[in-house]
Amino acid sequence: QGYEGLVEGGDNIKQATWLSVSNIIQLGGTIIGSARCKAFTTREGRLRAARNLVTLGITNLCVIGGDGSLTGADVFRAEWAGLLDELLRDGLISEEVAKANGRLNVVGLVGSIDNDFCGTDMTIGTDSALHRIMEVIDAITTTAQSHQRTFVLEVMGRHCGYLALVSGLASGADWLFIPESPPEDGWEDMMCERLGE
């Protein structure tokens, strides 16, 4: 569950094996879970996360996420030595554990279905999200045609219209809203006229 798993510890931190990832390639979403973690935004939460990691001898993190996740990773890395000093001072870890785990290595991978990170061809999650959207569009298109109905499909992307734009192009959508280009005044009449055609 992301940083929530680091803070809570216990069964949330376990070794992955081949069986952990067997037969998941066709699944959407993430099998490791994802959670917003308010505790990790506090030093106390990061202190708990550090203790959980060093207790298991983990000093390498691969963080997959967006702005919040990668910013959190950078803060965690910057505070690491101070967190270990505090854990040692409070008697929660030994000096040997502190020395053995004195450096935190972080690799950050952009995981955003919005595909909105400069310098990447396609961020992790975008392709599978587009694939799922097109499956849904294919499924409802025949229903729309047989019932002579118009369907409205909402996709993710409150600040980035990439998924809406690309899936709209791929499916031949008649009308499209994206946050980068808000509709002009009177759009309702224009849309009704277009759909009426």
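Modeller: Helices (H or I, at least four residues) and strands (E, at least two) are DSSP runs, numbered from the N terminus. This is a predicted model, in which local features need pLDDT of at least 70, side-chain atom pairs count only at pLDDT 80 or more, and totals for chains, interfaces and linings use all residues. Residues are numbered from 1 along each chain as its sequence is written, and side-chain values use heavy atoms, with hydrogens and water left out.

Biologist: Which helix supplies the largest share of the lining of the second largest pocket?

Modeller: A pocket is an open set of points on a 1 Å grid over the protein atoms alone where a 1.4 Å probe fits, with protein on both sides within 12 Å along at least five of seven lines; lining residues have an atom within 4 Å of a point. Helices α6 (126-147), α7 (162-171) and α8 (187-196) each give at least two residues to this lining. The largest share, five residues, comes from α6.

Biologist: Which element gives the most residues to the largest nonpolar core?

Modeller: Such a core joins buried (under 20% relative accessible area, 1.4 Å probe, protein chains only) Ala, Val, Leu, Ile, Met, Phe, Trp, Tyr and Cys residues through side-chain atoms within 4.5 Å. Of its 22 residues, those touching the most other members include Leu61, Phe76 and Trp80. Two or more residues come from each of α1 (3-8), α3 (43-55), β1 (60-65) and α4 (67-89). With six residues, the most comes from α4.

Biologist: How many residues form the second, separate core?

Modeller: Among its members are Ala129, Leu130, Ile133 and Met134. The number of residues in this core is six.

Technical notes. Buried means under 20% relative accessible area, exposed over 50%, partly exposed in between (1.4 Å probe, protein chains only).
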